[in-house]
Amino acid sequence: MAFVVIVIGGLVFGAGDQYLGTVHAMNALGLWTESVSVLSAPWLILPFLVGWTQGRPRRAAVTGLVVTLSALAGYFAMTLSPMEGVHFSLVELRDLLGTNQLNEIGGLLSGPLFGWLGYRWHAGRSWLAAVLVTGALCLEPLAVTVAGRNVGRGGFVWMLEVVVGVVVSTWFFVNVRRHDVMAGHTSNGRLR
């Protein structure tokens, strides 16, 4: 049952991301929706959150992969749907899959990795997990700029992403400290 929820959640996430990227053309929301839809960090945080719910590392990695593949399927399904003004064909599907190979390969690698990192956070408040999630949020604008792919991206959305990254890093830090204090209490009956 948990895998069904993960698959449905991934499908909704991917379809929603694709829809958000084209919704500006249909209403007055503006270009910020497109800027949000091209963010990479949410695609990394999704498997992290799913992996966080798992009790075993292998299962966390598998669920991270499943939710990422489901999100890609939702994204592709929405891209080729009548809601996007497209009439589905196998040629369109082949072209879409061909032009997104880097995203597909990235998902095959990052889904299990971030699922496993979610488990590591859940199991032991891993600093590595906290740093990689925070880095995904805070450093994405810099990475995209260095790669030369920042055309058409909104500065407000990037600023908001970095602010969210700082808030998330603060939350991680507080929870690591709380975990360390609790571990100190339970390991020898007093604080270390």
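The following exercises, with worked solutions, concern helix packing, nonpolar cores and residue exposure in a predicted model.

**Exercise 1. Helix packing**

Determine which class of mutual orientation applies to helices H1 and H4, and which hand their crossing has.

Solution.
- Step 1. Two packed helices are described by the angle between their axes and the distance between the axes.
- Step 2. Helix H1 spans residues 2-22 and helix H4 spans residues 57-79; their axes come within 6 Å and cross at roughly 40 degrees.
- Step 3. Angles under 35 degrees count as roughly parallel, and 65 to 115 as roughly perpendicular. H1 and H4 are therefore oblique to each other.
- Step 4. The hand of the crossing between H1 and H4 is right-handed.

**Exercise 2. Composition of the H1-H4 contact**

State which residues of H1 meet H4, and how the contact divides by class.

Solution.
- Step 1. On the H1 side, the residues in contact include Phe3, Ile6, Val7, Leu11 and Asp17.
- Step 2. Their counterparts in H4 include Arg59, Val62, Val66, Ala71 and Met78.
- Step 3. Sorted by class, the contact of H1 with H4 has 15 nonpolar, seven polar and two charged residues.

**Exercise 3. The nonpolar cores**

Identify the helices that supply the largest nonpolar core, and the contacts of Val133.

Solution.
- Step 1. The largest nonpolar core has 14 residues, and those touching the most other members are Phe48, Phe114, Leu117, Trp121, Ala129, Val133 and Phe172.
- Step 2. At least two residues of this core come from each of helix H3 (41-52), helix H6 (101-124), helix H7 (127-146) and helix H8 (155-188).
- Step 3. H7 gives the largest share, five residues.
- Step 4. Leaving aside residues up to four places away in sequence, Val133 touches Ile45, Phe48, Phe114, Val168 and Phe172.
- Step 5. There is also a second, separate core of eleven residues, with Ile6, Trp43, Ala71 and Val86 among them. Two of these names recur from Exercise 2: Ile6 in H1 and Ala71 in H4.

**Exercise 4. Buried or exposed**

Classify Glu104 and Gly155 as buried or exposed.

Solution.
- Step 1. Glu104 is found in helix H6.
- Step 2. The relative accessibility of Glu104 is 18%, and the cut-off for buried is under 20%; Glu104 therefore counts as buried.
- Step 3. Beyond four places in sequence, Glu104 touches Leu72, Phe76, Leu96 and Leu97.
- Step 4. Gly155 lies in helix H8. Because its relative accessible area is 53%, Gly155 is exposed.
- Step 5. The C-alpha atoms of Gly155 and Ser70 are separated by 30 Å, and these residues are 85 residues apart along the chain.

Terms used:
Residues are numbered from 1 along each chain as its sequence is written. This is a predicted model: local features need pLDDT of at least 70, side-chain atom pairs count only at pLDDT 80 or more; totals for chains, interfaces and linings use all residues. Side-chain values use heavy atoms; hydrogens and water are left out. Axes are lines fitted to C-alpha atoms, for helices over the stretch in contact, and angles run from 0 to 180 degrees between N-to-C directions. Helices (H or I, at least four residues) and strands (E, at least two) are DSSP runs, numbered from the N terminus. Angles under 35 degrees count as roughly parallel, over 145 as roughly antiparallel, 65 to 115 as roughly perpendicular and the rest as oblique. A crossing is left-handed if the near helix is turned anticlockwise from the far one by less than a right angle, and right-handed if clockwise. Contact means heavy atoms within 4.5 Å. Ala, Val, Leu, Ile, Met, Phe, Trp, Tyr, Cys and Pro count as nonpolar, Asp, Glu, Lys and Arg as charged, and the others, Gly among them, as polar. A nonpolar core is a set of buried Ala, Val, Leu, Ile, Met, Phe, Trp, Tyr and Cys residues joined through side-chain atoms within 4.5 Å. Buried means under 20% relative accessible area, exposed over 50%, partly exposed in between (1.4 Å probe, protein chains only).
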